[in-house]
Amino acid sequence: MFAHRSQDHRSQDRGRRGSAAWPTAVAASVTVMVVLAALLGGCGGTGHGGRSSQGNGTNQGNGSGPGGQGAGRDGAGVGADFDVRAENAKPGGDCGLARLGYNHAVEGWLDHTSIRSGDELRLFASTTAATVTATVFRIGWYGGRTCRLVTEMGPLPGRVQAPASRDPSTNTVSTAWEPTTTFATNSWPPGAYLIRLDNSEGFQTYVPLTVRSPTMSGRVVLLAAVTTWQAYNAWGGYSLYHGPKGFADRARAVSFDRPYDYGDGAADFTGNEAPVIILAEKLGLPVAYATDIDLHADPALLDGARAVVSMGHDEYYSPAMRDALTRARDRGVNLAFLGANAVFRRIRLGPTRVGPDRLETGYKIAAEDPLNGVDNAAVTANWPSPPDASPESSLTGGMYQCNPVHADLVVRDPGHWLLAGAAVTAGSRIPGMIGSEYDRVDRAYPTPPRIEVLTHSPVVCHGRPDHSDVSYYTADSGAGVFDAGTSAWVCAVTDVCGSGAAGPVVRDFVTTVTTTMLTTFAQGPAGHQHPGAQSVPDDDAGGGGNPGSER
């Protein structure tokens, strides 16, 4: 797994996180321990010379899995019958970074956040070196390795692309770069991908991609939160959180037509999403892949799905995205929010010169949005705030409260089915698991009636005592909905949160609960087997609190 530098990624300027790397191998047990020396020592094993088995510098894949399981239209497992077990039987590789590019030494972006297998995909890269090589890796579980080499393009001619431009009305930064290469993707199976850019001077970075599944029916949908990634992206000096002078001159809209300036070019993928993806594939679950922009664009995307997993940090939602999740829940699709602060910001999406849904607008303050008083349902304030306030708790169960905190997770209901096998008792403490953001069940806001609080952890945020809750509820449809209630959940699966939430106790607890949840949710509406009941601590019964105390 990646080395994740810090679980406290919610500072106003957020900044660029440190380098993260892939291991050459990880332990065969479900719980995976990261050793930094191994991460760095095995990086870049494919190097410039790494090729796919059919590649020779082109964009071919590795062929089908054993016995042709999951074979699609080109034999590479890209069809609707994609079998993750057949994919995972293929040989894994090394996709780490040995020497992170800096000062724009090498960087890039794609013309799509997600594609279907067979779609053309354009890479826009800029580098100070003479050439650049683009190596494509699929992320998963490959017999102890966490990525597979799919193809390599290059060396390609390098160039320093044109400077970014800024729209002064919204402080939107975008680029008008020329394409570096185009990939044919016929042999790329559904999944989460990293394209590693290596320039001829040895500097590297990542570019993330989702190859979305042709159908979600009968599958556990792993949803990439790319709108949240982009909200925090300050490449070019502006994010939805800050500009050069701070919050006042922040961007009011951000463009996907630029690289990510954090996560080694991969934004939140490495620490907040990849651990769950790797675990789900290791468990052999019938997974499917999509982004939240796909959720926005396709109202039928989740038809027939068994479950949807919101991974890590999933804050920014358009009305169409939220409506799609709500409809899915009401049809019996289980939902898991593996973080805190989910569905908190309302956004709208629009086109750029590159394509649709590549401009993300989020004013945060209703009075600043030109649609305020004109189309209040589209105003980009926080979801719990007017106009047309609709607190996220009606969907997630928990209510976002505050940031930052660092506290132990405290077990309230050790007999709950989700805690089976976790070896905890009432009052058991899981060190450092709460933070830096947290959710709490708060009956002062719209809350599903059949909701159970599994853990109830004391915290203090900005001097105010409060609690963080892990919760589970069931809807009338039978859907189960899980809210982890802390932003440290996903990184703990592979013990990459950094100081404060580290070690085998943390890792084993979170991995056990996540495994139980995933395997149960994959079977269909969890409420049929595990109906919820109202079980809420007295101090959650209408405290009101101070939800959403961040800018």
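User: What does helix H5 lie across, and how is its angle to E4 defined?

Analyst: Helix H5 (residues 274-282) lies across strands E4 (131-142), E5 and E9, and runs at about 50 degrees to E4. Axes are lines fitted to C-alpha atoms, for helices over the stretch in contact (heavy atoms within 4.5 Å), and angles run from 0 to 180 degrees between N-to-C directions. The model is predicted, so local features need pLDDT of at least 70 and side-chain atom pairs pLDDT 80 or more, while totals for chains, interfaces and linings use all residues. Residues are numbered from 1 along each chain as its sequence is written, and side-chain values use heavy atoms, without hydrogens and water.

User: Why is E2 (114-115) called a strand?

Analyst: Helices (H or I, at least four residues) and strands (E, at least two) are DSSP runs, numbered from the N terminus. E2 spans 114-115 and therefore meets the minimum for a strand.

User: How do you know that E9 and E10 pair?

Analyst: Two strands pair if DSSP finds at least two bridges between them. E9 (residues 191-199) and E10 (residues 204-211) are joined by 8 bridges, so they pair, and they run antiparallel. Arg 196 stands opposite Tyr 206 in E10.

User: What makes E2 and E5 edge strands?

Analyst: The open sheet of 5 strands has the order E2-E10-E9-E4-E5, with mixed pairing. E2 and E5 (145-157) each have a single partner strand, so one side of each has no neighbour in the sheet.

User: What makes a space a pocket, and what a cavity?

Analyst: On a 1 Å grid over the protein atoms alone, a cavity is a set of points where a 1.4 Å probe fits but cannot get out; a pocket is an open set with protein on both sides within 12 Å along at least five of seven lines. By this rule there are 6 cavities of 30 Å³ or more. The largest cavity holds about 150 Å³, and the largest pocket about 270 Å³. Each volume is the space filled by probe spheres set on the points, which are joined across faces, edges and corners.

User: Why is Asp 294 counted in the lining of the largest pocket, and in which class?

Analyst: Lining residues have an atom within 4 Å of a point. The largest pocket has 16 of them, and Asp 294 is among those nearest its centre. Asp, Glu, Lys and Arg count as charged, Ala, Val, Leu, Ile, Met, Phe, Trp, Tyr, Cys and Pro as nonpolar, and the others, Gly among them, as polar, so Asp 294 is charged. The whole lining divides into 5 nonpolar, 4 polar and 7 charged residues.
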